[in-house]
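Have the model open in your viewer? Let's walk through a few local features together.

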Amino acid sequence: LPAIFGLVETVCPYADWSDIRFADGFLGAGSVSLAAKALGFAEVLANDIAQRSAMLGRALVANSTHRITHLNALRLFEQAPAGDTPLIAEHLPEPAATFAIDTFRHFHGGTFEDVDRDLIGTLLMGILLRCFPMGLPAASDATHVAAGDYDRLTGSRLAHYLRTAMRLTTPRSVMQAADLINMAITPGRATVSQADVFVWLPQIDAEVIYVDPPYGRTQAYETAFRLIDEFLRSTPLPSSSFSTATPPLDELLDACNHIPTLVMSMGNAVFNEHELTALVARHRHIERVLSIPYRHFGSVATATKNTANRELLVLATKGRNA
Ligand SMILES: C[S@@+](CC[C@H](N)C(=O)[O-])C[C@H]1O[C@@H](n2cnc3c(N)ncnc32)[C@H](O)[C@@H]1O
């Protein structure tokens, strides 16, 4: 976040931010939009194609006044209405599996409405994700734990599953998680949309655009979060074209043409720093490029991959000679 907003500050002085609209085309878990709102931009315009992100965006970014009350958090532990069972319950040990089933029935059974429902959905998404090591519900060992087949897991992963399943799903820890979510809600103006970025971009009017698409050649969000999307009853989406080996970055930059200042985040799996800079330079003037060494957890990336891994940040503007 300091790198992103530090880059913006080099072309749009902080004193002007209260007159500037900040757009975030790929809201994800909302960290950049939340920071932009707290930093006092005139308006934050945020978007994501996924319902999970749009719900979180309505709860935390567009909403400036509502909080999760302890009473609402505790309603999750009341007798649940009758209903279906979410798939994620088959990937969790007890008591998390029962928690997932009961809360799924409350979430879809009319217990909560409007922004209260978005806040509770955001709370549940956070708790359920943290039940999985590294927050990855697509983990292939999860069903072994749920079936009690513990010998097939490493000790640390098994400990994560069993401990968090108990710790995170008590009334006390759910209320604590709600308090943390409440702390993220700040005053300010923001609107959140759920659309394909190519549909959304032509409709928006902003001075700064931040784009953080899925990185090419990485696991698609639609696969990684399939169980969360099913829990939310989202219509399944095909894998994003941005996750492929040929992400549509030229098309994305074209669609941003009407917005003067752009910051793009990208990994270096498809384009290295020089290739990405050359690609962006075809569309606008390069102001600065940061190449930040970035380590993934040892268990998901080899040492060689971690040495080469970079988080690239490109700041580029319109209206000067490229
Ligand atoms: C790298 S994440 C964004 C992370 C975000 N910056 C944050 O701070 O959490 C990429 C997001 O792009 C979304 N996405 C993928 N394809 C999209 C598309 N065509 N239009 C809009 N959003 C898309 C995914 O749902 C995912 O939430």
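What follows is a short tour of a surface patch and some backbone oddities.

Keep in mind that this is a predicted model, where local features need pLDDT of at least 70, side-chain atom pairs count only at pLDDT 80 or more, and totals for chains, interfaces and linings use all residues. Residues are numbered from 1 along each chain as its sequence is written, and side-chain values use heavy atoms, with hydrogens and water left out.

Let's begin at the surface. Met 134, Leu 136, Phe 297 and Val 300 make up a nonpolar patch there, with a combined accessible area of about 360 Å² (Shrake-Rupley, 1.4 Å probe, only the protein chains shown counting as cover for residues). Patch members have over 30% relative accessible area and no salt bridge (a Lys or Arg side-chain nitrogen within 4 Å of an Asp or Glu carboxyl oxygen); nonpolar side chains (Val, Leu, Ile, Met, Phe, Trp, Tyr) are joined within 5 Å, like charges within 9 Å. Val 300 sits in the loop between strand 6 (285-293) and helix 15 (303-308); helices (H or I, at least four residues) and strands (E, at least two) are DSSP runs numbered from the N terminus. Val 300 is partly exposed because its relative accessibility is 48%, with buried meaning under 20%, exposed over 50% and partly exposed in between.

Now for the backbone. Most residues other than glycine have a negative phi, and most peptide bonds are trans. The Glu 94 to Pro 95 bond, though, is cis, with omega near 5°, and Pro 95 lies in the loop between helix 4 (70-75) and helix 5 (96-108).

Asp 114, not a glycine, has a positive phi of about 50°. Asp 114 belongs to helix 6 (residues 114-130) and counts as exposed because its relative accessible area is 63%. Arg 233 has a positive phi too, about 60°, but is located in the loop between helix 12 (226-231) and helix 13 (249-255).

Methods:
Buried < 20%, exposed > 50% of the residue type's maximum accessible area, 1.4 Å probe, protein only.
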